[in-house]
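Okay, everyone, thanks for coming. I'll walk you through one chain today, so have the structure open and follow along with me.

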Amino acid sequence: MGNFYNGYSWQQREGILREEKRLRKTGDLEPLSYLVDKKSCEVCDDPGRAGQAFQWHSEDYSPPYSFRPPETFIICAVCHSRLHKRFPDASGKPSDWPLFVAHLKSGGYGREFTELYSLEERKAWLAQIKAGRTVSLPSLRERPLTGKEWWQTLTLDPESLIAPWARPRPWLPRPPPQDYRAELDQLQLTDDEIALLRCHAGLEHRCATMRQLAECVLSSKSPSHANLIYGKLAHRLAAALGWEPERRADGSPIWRTVIAEGWQPVGREFEWVMVPSLAAIYA
Ligand SMILES: [Zn+2]
């Protein structure tokens, strides 16, 4: 999963890079104006040294592409690298990201983290964090923060690298909530259909296997009945919306993609992640 991030494969992540190149080549720079204008790191607030080039980082690689917050951020090289390495390693050992965040909260710039603190000092603080204690690093600059900054709320769950639930928007655009609502009102859903949608929307990460939904709604151990109901509902809904579903390699439509994005986790059953604009109606 080396090059996956936030549920996007490397091939998917390349799309926004190609779009940036295309815009620069055609001289259509308005969509890139934030990248051009922003002169400090969105994570550590470092204005940089003379001549220092910033990088950009996307949390959201879905088309239509956005080159500004909250999808894309100007960021310094140190914060960028640490952000991507924030996950525990394969053995479950945590990274030093929480300590780095403590450094940022005390007003430190990314590059100062290893300039100011020796490996021994950092290890000692990390041991305190591991023991559940709060560490307080020397205050370097005044930095008013709410605690809700995007870089303070990033997940540390390694599954977020590959799971579609980590995508802020689905890979392919879905209809807006009002369109879903209008068509669902027209379709006169059965109690089972409504219960399935409601159960799915309320689960963690809007993520469910058909077996989970069958147990949750139909008191059945077998996914087949839930599968049948959901498949038929999805077909009617996609047709009513005039929405073009994703297709299998053989060209056949995957009607359920109007409800959710599917993915195959390692060692678990196939999962469906309900798209946010539909989940918003039932959550
Ligand atoms: Zn930075």
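**A walk through the chain**

So, the domain assignment splits the chain into domain 1, residues 1-156, and domain 2, residues 177-282. Before I go on: this is a predicted model, so please keep that in mind throughout. Taken over C-alpha atoms, the centres of domain 1 and domain 2 are 34 Å apart. The C-alpha atoms of the chain fill a box of roughly 60 × 55 × 35 Å along the principal axes. In terms of secondary structure, we've got eleven helices and seven strands. And of the 283 residues, 44% count as buried.

If you want a feel for distances, pick glutamate 120 and alanine 208. They're 88 residues apart along the chain, and their C-alpha atoms are separated by 44 Å. Glutamate 120 is in helix α6, and it counts as exposed because its relative accessibility is 57%, with the cut-off for exposed being over 50%.

Okay, on to the metal. Which residues are the protein donors of the zinc ion? They're Cys41, Cys44, Cys76 and Cys79, each through SG, lying 2.3 Å from the zinc. The angles among the four donor atoms run from 100 to 115°, and the site is tetrahedral. For that label, all angles have to lie between 85 and 135 degrees, so this site qualifies, with its 100 to 115°. In sequence, the donors follow the spacing C-x2-C-x31-C-x2-C. Look at the middle of that pattern: cysteine 44 and cysteine 76 are 32 residues apart and link distant parts of the chain. Cysteine 44 is in the loop between α2 (33-37) and β1 (55-58), while cysteine 76 is in the loop between β2 (72-75) and α3 (77-84).

Are those two buried or exposed? Cysteine 44 counts as buried, because its relative accessibility is 1%. Cysteine 76 is buried too, at 2%.

Staying with β2, let's look at threonine 72, which sits in that strand. Its relative accessibility is 0%, so threonine 72 counts as buried. What does its side chain touch? There's a polar contact of 2.7 Å to the side chain of serine 58. The side chain of threonine 72 also reaches the backbone oxygen of serine 66, at 2.7 Å.

While we're around here, have a look at the loop between β1 and β2, where you'll find proline 64 and proline 70. Proline 63 and proline 64 are joined by a cis peptide bond, with omega about -5°. Proline 69 and proline 70 are joined by a cis peptide bond as well, and there omega is about 5°.

Now for the aromatics. The structure holds eight aromatic pairs. The one I'd like to show you is phenylalanine 73 with tryptophan 150: the ring centres are 3.8 Å apart and the planes are at 10°, so the pair is stacked. Phenylalanine 73 belongs to strand β2, whereas tryptophan 150 is in the loop between α6 (119-130) and α7 (177-187), so to speak a link between distant parts of the chain, 77 residues apart. Phenylalanine 73 and tryptophan 150 are both buried.

Ring pairs also link Tyr8, Tyr61 and Trp171 into a cluster. Tyrosine 8 has a charged neighbour as well: arginine 167 lies over the face of tyrosine 8, at 5.5 Å from the ring centre. Then there's arginine 141, whose charged end sits over the ring of tyrosine 109, 3.6 Å from its centre.

Last stop, two backbone oddities. Which residues have a positive phi although they aren't glycines? One is glutamine 188, with phi of about 50°. Glutamine 188 is in the loop between α7 and α8 (191-202), and it counts as exposed because its relative accessibility is 66%. Another is histidine 205, with phi of about 60°. Histidine 205 lies in the loop between α8 and β3 (207-208). With a relative accessible area of 31%, histidine 205 is partly exposed.

That's my tour, thanks for listening.

Notes
Residues numbered from 1 in each chain as written. Predicted model: local features only at pLDDT ≥ 70, side-chain atom pairs only at ≥ 80, totals over all residues. Heavy atoms only, no water. Donors = N, O, S within 2.8 Å, 3.2 Å for Na, K, Ca; no water. Tetrahedral: all angles 85-135°; square planar, octahedral: opposite > 155°, others 65-115°. Helix = DSSP H or I, 4+ residues; strand = E, 2+ residues; numbered from the N terminus. Buried < 20%, exposed > 50% of the residue type's maximum accessible area, 1.4 Å probe, protein only. Phe/Tyr/Trp six-rings, centres within 6.5 Å; stacked < 30°, edge-to-face > 60°. Lys NZ or Arg CZ within 6 Å of the ring centre and 35° of its normal. Domains from an automatic or database assignment. Polar contact = N/O pair within 3.5 Å; in protein donor to acceptor, adjacent residues only side chain to side chain.
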